[in-house]
Amino acid sequence: NGMTLASNCATAPTGATTPVVGLDSTDGSITADDAAYVSSGATFKKGDTQNIYDVKLTATGGKVAVTRLDVKFSERPWLTLSKIVLKDTAGVVIAEKTLSGSADATEVTVGSEYRVRFDNFSYVVTPGTDATLVISATSMAASDKITTQTVTVSIPASAIRTVNGKGYSESIGTITAKTFVFSSTGSIADLNSSISP
């Protein structure tokens, strides 16, 4: 699909005690926080692609791999978004998810909580080098569901799955929510026309 993996992506774990390729044999752990790389309030018109969320990952005690990440939306994402991408700040794609219907997301609470999962990847974080992951989204080019509305996006509790060099897995999360806004109008431009006599 033309996806390019970041240089610190490694082979995903195959078992609970099997270390991930690219990790050392240390018992590292990881914390997650708002990276302040993406601001709230991005405005989408139909067909736009915008960065909507970010997370800063910090490893201590050894290298740790992120193997799964869930993103929480306050509205049904498959009605307004066509694709969601997880990437680093250099723009290198780590994972992507095409949204073609309700099967591509999980409805946790009807009308208020929907999750999109990135999995089957491994992104290694090294102590002393914070990693910032960015989530971008592309709105549908044509949808009667896109009205002027504000959507809240966040990473909920236990939404980030990690594994360390000893094969121990941990789930972390709960990061401050951000918002983005859909505009029901299309892109605006100046048009000049002339009529010949």
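1. Salt-bridge count. Five salt bridges are found in this structure, which is a predicted model. Three of the pairs are described in the points that follow, together with a network of linked partners and an arginine that remains unpaired.

2. The pair D54 and K178. The closest N and O atoms of D54 and K178 are 2.9 Å apart, and the two residues form a salt bridge. D54 belongs to strand 3 (residues 49-60) and K178 to strand 14 (residues 175-182), so this bridge ties together parts of the chain that are 124 residues apart in sequence. Both D54 and K178 are buried.

3. The pair R76 and E107. A salt bridge also links R76 with E107, with 3.6 Å between the closest N and O atoms. Because R76 sits in the loop between strand 4 (64-73) and strand 5 (81-88) while E107 sits in strand 7 (residues 106-109), the pair ties together parts that are 31 residues apart in sequence. R76 counts as partly exposed, at 33% relative accessibility, and E107 is likewise partly exposed, at 38%.

4. The pair E113 and R115. Here the closest N and O atoms are 2.8 Å apart, and E113 forms a salt bridge with R115. E113 has a relative accessible area of 12% and is therefore buried, the limit being under 20%. R115, at 22% relative accessibility, counts as partly exposed.

5. A shared network. Salt bridges with partners in common join D34, D54 and K178 into one network. Two members of that network, D54 and K178, are the buried residues of point 2.

6. An unpaired buried arginine. Which side chain of opposite charge is nearest to R68? It is D70, at 4.5 Å, and R68 has no salt bridge although it is buried. The distance of 4.5 Å does not meet the criterion of within 4 Å, so R68 and D70 are not counted as a bridge. R68 lies in strand 4. Leaving aside residues up to four places away in sequence, R68 touches R117, F118, D119, F121, S158, A159, I160 and R161. A check of the R68 side chain in the coordinates would begin with these residues.

7. Positive phi at S158. One of the residues touched by R68 is S158. S158 has a positive phi of about 60° although it is not a glycine. The residue is located in the loop between strand 11 (149-155) and strand 12 (160-164). Its relative accessible area is 42%, so S158 is partly exposed.

8. Positive phi at T174. T174, also not a glycine, has a positive phi of about 65°. This residue is found in the loop between strand 13 (169-172) and strand 14. At 58% relative accessibility, T174 counts as exposed because the limit for that class is over 50%.

9. The five-stranded sheet. In what order do the strands of the open sheet of five strands run? The order is 1-3-10-5-6, with antiparallel pairing. Strand 1 (29-33) and strand 6 are the edge strands, each pairing on one side only. From one strand to the next, the twist averages 20°.

10. Pairing of strand 5. Strand 5 and strand 10 (residues 131-139) pair in the antiparallel sense over seven bridges; in this register K83 stands opposite T138 of strand 10. Strand 5 is also joined to strand 6 by five bridges, and these two strands run antiparallel. I84 has K97 in strand 6 as its bridge partner. Strand 5 and strand 6 form a hairpin with four residues between them, and G91 in the turn has a positive phi of about 90°.

11. Confidence. The protein chain has an average pLDDT of 80, and 79% of the residues score at least 70. Among the elements of the chain, the lowest mean pLDDT, 82, belongs to strand 2 (residues 42-44), and the highest, 93, to strand 6 (residues 93-98).

12. Low-confidence segments. Over residues 10-17 pLDDT stays under 50, and the model has 18 contacts for this segment beyond four places in sequence. Over residues 187-191 pLDDT also stays under 50, and for these residues the model has two contacts beyond four places in sequence.

Conventions
Residues are numbered from 1 along each chain as its sequence is written. Side-chain values use heavy atoms; hydrogens and water are left out. Buried means under 20% relative accessible area, exposed over 50%, partly exposed in between (1.4 Å probe, protein chains only). Lys and Arg count as positive and Asp and Glu as negative; His and the chain ends are not counted. Contact means heavy atoms within 4.5 Å. pLDDT is the predictor's confidence in each residue, from 0 to 100. Two strands pair if DSSP finds at least two bridges between them. Axes are lines fitted to C-alpha atoms, for helices over the stretch in contact, and angles run from 0 to 180 degrees between N-to-C directions.
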